[in-house]
Amino acid sequence: MKTALITGASRGIGAAVARRLHADGYTVALNYQRSRAEAEALAADLQGIALPADVSDPAQARALVEAVLKHFGRLDALVCSAGVAWQGLTQDMGAEDYRRVIGVDLDGVFYCCQAALPPMLHRKEGRIVTLSSMWGQVGASCEVAYSAAKAGVIGLTKALAKEVAPSGITVNCVAPGVVDTDMVRPLGEETLAALAEETPLGRLGTAEDVAGCVSFLCSPGGAFLTGQVIAPNGGLVI
């Protein structure tokens, strides 16, 4: 049975991806940093495992992949879903907050990909899916660090796809629009309602919308896609 590691899988998009890949027949390993109870409960429901790690730490990212390999003996798909956000004026952002956003949202993707590549290269197959954002494509006012990190994820995805394609590994990116999760709710109901109204399809996205894209990229149907950015955003960015 194929195994998938999903980072940031205790809630939101990561949890939806874990559920969907489990339904697709994957055995799932759920990474979390703080939300242990939620991750362990979901892992139990999906007959998988929950593994703690701060993906912004390269040693912890390596240990995370090693734990998956030790438990399951293989790693077929990596989904880099862990992410943090910070909203505010650029001049008000402290260095610690900046490093945290870049560390988790960009560095963490690099470290997890780096750790997952050796077993995939050895088997000459694998699927890597990174999570960016529409703000990584067009930028967002008052989310400069987040936008920079997510733009970096797109560049990382395209470059890595070229590097590892000869080894049978695909690397693709999913760049969601505004998705109704805990991360966006601090924006407030009024702002979210306005964003839904601006979206051509007339609603916010759901975590399941995003999980469906990840599912496709990890399925046989996604075998000839690599280096691509799939954007489930309801038409908000075209």
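A residue counts as buried when its relative accessible area is under 20%. By that yardstick, 49% of the 238 residues in this predicted model are buried.

**Figure 1. The whole chain at a glance: eight helices and seven strands.** Before zooming in, here's the overall picture. The C-alpha trace spans about 45 × 35 × 35 Å along its principal axes. The radius of gyration is 17 Å, which agrees with the value near 18 Å that a compact globule of 238 residues would have. Take the contacts between residues at least 6 apart in sequence, and 69% of them join residues at least 24 apart. The accessible surface comes to about 11000 Å², and carbon and sulfur atoms own 54% of that area.

**Figure 2. The sheet, seven strands in the order 3-2-1-4-5-6-7.** This is an open sheet, and its strands pair in parallel. Strand 3 (49-52) and strand 7 (229-230) stand at the edges with a single partner strand each, so one side of each has no neighbour in the sheet. Look at the strand 3 end for some detail: strand 2 (residues 27-32) pairs with strand 3 in the parallel sense, over four bridges. Leu30 is a handy residue to pick out here, with Ala50 in strand 3 as its bridge partner.

**Figure 3. Two helices against the sheet: helix 1 and helix 6.** Helix 1 (residues 12-23) lies across strand 1 (3-6), strand 2, strand 4 (77-80) and strand 5 (126-131). Its direction is at about 175° to strand 1. Helix 6 (residues 144-164) also packs on the sheet, where it touches strand 5, strand 6 (169-174) and strand 7. Helix 6 makes an angle of about 165° with strand 6.

**Figure 4. Asp182 and Arg11, a salt bridge between two loops.** The side chains meet at 3.3 Å, N to O. Asp182 sits in the loop between strand 6 and helix 7 (189-198), while Arg11 sits in the loop between strand 1 and helix 1, so the pair ties together parts that are 171 residues apart in sequence. Asp182 is partly exposed, at 40% relative accessibility.

**Figure 5. Two other salt bridges, Asp107 with Arg99 and Asp209 with Arg203.** These are among the 11 salt bridges found in the whole structure. For Asp107 and Arg99, the closest N and O atoms are 2.9 Å apart. Arg99 has a relative accessible area of 43%, which makes it partly exposed. The side chains of Asp209 and Arg203 meet at 2.9 Å, N to O. Asp209 is partly exposed at 29%, and Arg203 is partly exposed at 42%. Back at the loops of the previous view, salt bridges with shared partners link Arg11, Asp180, Asp182 and Arg185 into one network.

**Figure 6. Gly139, in the loop between helix 5 (134-138) and helix 6.** Is this glycine buried or exposed? Gly139 falls in between: its relative accessible area is 34%, so it counts as partly exposed. Leaving aside residues up to four places away in sequence, Gly139 touches Met134 and Ser147. For a distance to check in your viewer, try Gly139 to Lys150: these two are 11 residues apart along the chain, and their C-alpha atoms are separated by 9.1 Å.

Note on methods. Residues numbered from 1 in each chain as written. Predicted model: local features only at pLDDT ≥ 70, side-chain atom pairs only at ≥ 80, totals over all residues. Heavy atoms only, no water. Pairing = 2+ DSSP bridges. Contact = heavy atoms within 4.5 Å. Axes fitted to C-alpha atoms, helices over the stretch in contact; angles between N-to-C directions. Salt bridge = Lys/Arg side-chain N within 4 Å of Asp/Glu carboxyl O. Buried < 20%, exposed > 50% of the residue type's maximum accessible area, 1.4 Å probe, protein only. Rg over C-alpha atoms; globule rule 2.2 N^0.38 Å. Areas by Shrake-Rupley, 256 points an atom, 1.4 Å probe, with all protein chains shown as cover.
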